[in-house]
Amino acid sequence: MSCARSRNDYLAARDARHAQILAACGQARATRGGAVVVASGNVPGPDKNRPGLESLVQRGLAALEAAGVHLTLAVAGTDLLGPYRILLAAEPAAAIKPLAVALERDLPGGRVLDLDILTPNGDPVDRGSLGLELRCCYVCDRPARECLLLARHTLQELLAAVDVHLALAAAP
């Protein structure tokens, strides 16, 4: 497979997933739902479906529900970008985002978990809009965006850290 074809395949997977998210937002608007939750992995590099990621996504959603978020599954799948779930939530997006950030920070392996929260209109609720802490790097305690932009860590370092996080998630 050529690099160009591979890139196109990833872009096509992203676009297909985005269409599913937009459909879920439409469903949330129609049912007067509070938010759309997209649960997936946050994995660098071309191999987005690392061992343990599927169970981490499931554990993250179970933890959200245990925190009192009422979720209804809209879509479940696995594509080139890895496993994902798109869900409708009864609660407002601004109420769910702090819970999601806490899980991404505190759940064993949660650093690899990506819980995106959108309004029924499809607007993402970002950490900054709620005054929440930035996502930290896989390898160090600096903000992830800063390390990404400055290329502080090699892909091998990042993937080794991802695998450590996934091993933590798999521990009983």
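This briefing describes a four-stranded sheet, the helices packed on it and one residue elsewhere in the chain. The model is predicted: local features need pLDDT of at least 70, side-chain atom pairs count only at pLDDT 80 or more, and totals for chains, interfaces and linings use all residues. Residues are numbered from 1 along each chain as its sequence is written, and side-chain values use heavy atoms, leaving out hydrogens and water.

**The sheet**
- Four strands (E, DSSP runs of at least two residues, numbered from the N terminus) form an open antiparallel sheet in the order E2-E3-E1-E4.
- Strands E2 (71-79) and E4 stand at the edges with a single partner strand each, so one side of each has no neighbour in the sheet.
- Strands pair if DSSP finds at least two bridges between them; E2 and E3 are joined by eight, and Val75 stands opposite Ile86 in E3.

**Strand E1**
- Seven of the seven residues of E1 (residues 35-41) are buried, meaning under 20% relative accessible area with a 1.4 Å probe, protein chains only.
- Ala35, Val37, Ala39 and Gly41 point one way, and Val36, Val38 and Ser40 the other.
- Six bridges join E1 to E3 (residues 82-89), where Leu87 is the bridge partner of Val37.
- Six bridges also join E1 to E4 (residues 113-118), with Gly41 opposite Leu113.

**Ala171**
- Ala171 is found in the segment after helix H5 (155-170), helices being DSSP runs (H or I) of at least four residues.
- Ala171 is partly exposed (between 20% and 50%), with a relative accessible area of 37%.
- The C-alpha atoms of Ala171 and Pro108, 63 residues apart along the chain, are separated by 8.3 Å.

Terms used
Contact means heavy atoms within 4.5 Å. Axes are lines fitted to C-alpha atoms, for helices over the stretch in contact, and angles run from 0 to 180 degrees between N-to-C directions.
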